[in-house]
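Visitor: Could you take me on a close look at one part of this model? I would like to follow a single buried charged side chain and then see what lies around it.

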Amino acid sequence: MRPSDPLPEYKWPKPHWKAYLVAFITFALLGGFTILGALPAILDDAGSQWLRKNGVTLVLIYLPLAALALALPWLVSVLRIAYKRITSYPNLYTQTQARIAEFDRQAGITEAQMQAARKEISALVLQVVGASTFEISGQRFDAGKLYISLRKRRGRGYKLSVGDILRVRHTEDDMFMGTFEVTQVRNTDYIALGISNVDALWAGRVRERGEITLVPNMEAIYIPKGEANG
Amino acid sequence: MANASTEQIKLVEGVVAAILTERELVINRGYNDGVVAGMKFRVLSEQPFEVIDPQTQRSLGFIDREKVRVEASVVKERLSICRTYRRVGVKGNAVMSLVDLLGPYSEIPETLKTDQFLHLPSLSESESYVRIGDRVVQLLPNE
């Protein structure tokens, strides 16, 4: 079953109460007349006595049975629909899951496209303003402060020095995560200290973990001196 | 009979139960407690800031200090996963926020609109990060 196929629809039958009532009264009257017609023949002494004794019981038993008999076609159709619904649930489930998967797939594509577009625009903006970005290779929380290590670029590119200011952004949505100052230049990386507006949740996460080496969703942007006032 | 102005809105309050990533945390309140997806919360410092009257040196009361704001993204029966959604003076779409990020700008939380808050001392080092057990309080839609 394809997701685009229409879902089967099994509606519950509606009981025709008025028709049942009319039929019930008609049959009750006919039954009454029949009994009245046959009454002289069956009303000998024993029959009369038996009828007086059990007449009410008979009426109480047969009237509900008669009502049930009249509603029988409706009950049968209810059972039939119930059976169809029960037997079609596996198909419905499969189809629903397929539709959900289809929606998820479409949403995923849209989200991926949006992410890609956002990244392209971000890269363009960074290129236009001549900003230098640095990959964050590690994070450490020490003595109440957050430190990050920035991977050195090989070959050409801006070389950071102690005192340079960087801002860290989350690449998913460009959320600002804090301002850092380079405190140490090492052979393979730079060490920068969080000096202002470091995201409290990020800091809390690093503090809880002690040290994190995998930082896929963040990057540091170098801010030339004089522009950073954070 | 209570009128609209005197009615107290019951805000959802809880604590941070876990920190998942640098953008996500878990609070100990879920849809059983009235949390819905998109509901926003303030994560508060453990101790509120006490304001002392400079004239009388008596306490005027306490102000809660905000560490970060989060938005409920996944809501379960008794817990919610909340995600940070924005922090400081960055407005507009992603491109604008990136441009803001690159240029000089004042890193003042958007919600702190009155000057008086600028004079509050900054959070201490021990309060500057989110911890398990930190209080969380629901934000009203217009906050």
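Guide: Here is a walk that starts at one arginine and then moves out to the cores and to chain B. Please keep in mind that this is a predicted model.

Let's begin with Arg205(A), which sits in helix α3 of chain A. Which side chain of opposite charge is nearest to Arg205(A)? That is Glu22(B), 4.9 Å away. Arg205(A) is buried, yet has no salt bridge; the cut-off for a salt bridge is 4 Å between a side-chain nitrogen of Lys or Arg and a carboxyl oxygen of Asp or Glu. A polar atom of the Arg205(A) side chain does, however, lie 2.8 Å from the backbone oxygen of Leu20(B). Leaving aside residues up to four places away in sequence, Arg205(A) touches Ile212(A) in its own chain, and Ile19(B), Leu20(B), Thr21(B) and Glu22(B) in chain B.

Now let's turn to the nonpolar cores. The largest has 25 residues, and Leu150(A), Val168(A) and Trp202(A) touch the most other members. Helix α3 (200–209) of chain A is one of the elements that give two or more residues to this core, and the others are β1 (132–142), β2 (145–151), β3 (165–170), β4 (175–185), β5 (189–196) and β7 (218–223) of chain A. The largest share, four residues, comes from β4(A).

For a view from inside, try Val168(A). Not counting residues up to four places away in sequence, Val168(A) touches Ile136(A), Ile148(A), Met175(A), Phe176(A), Met177(A), Gly178(A), Phe180(A), Trp202(A), Met218(A), Glu219(A) and Ala220(A). Apart from the largest core lies another, of 17 residues, and among them are Ala200(A), Val35(B), Met39(B) and Cys82(B).

That brings us to chain B. Its secondary structure comes to two helices and eight strands, in the order β-β-β-β-β-β-β-α-α-β from the N terminus on. Of its 143 residues, 34% count as buried. Among the contacts in chain B with a separation of 6 or more, 62% are between residues 24 or more positions apart.

A hairpin of chain B makes a good last stop. Strand β4 (residues 49–52) and strand β5 (residues 59–63) of chain B run antiparallel and are joined by four bridges. Phe49(B) stands opposite Ile63(B) in β5(B). Between the strands of this hairpin there are six residues, and Gln57(B) takes a positive phi near 60 degrees.

Notes
Residues numbered from 1 in each chain as written. Chains lettered and ligands numbered in written order. Predicted model: local features only at pLDDT ≥ 70, side-chain atom pairs only at ≥ 80, totals over all residues. Heavy atoms only, no water. Core = buried A, V, L, I, M, F, W, Y, C linked by side-chain atoms within 4.5 Å. Buried < 20%, exposed > 50% of the residue type's maximum accessible area, 1.4 Å probe, protein only. Contact = heavy atoms within 4.5 Å. Lys, Arg positive; Asp, Glu negative; His and termini not counted. Polar contact = N/O pair within 3.5 Å; in protein donor to acceptor, adjacent residues only side chain to side chain. Pairing = 2+ DSSP bridges.
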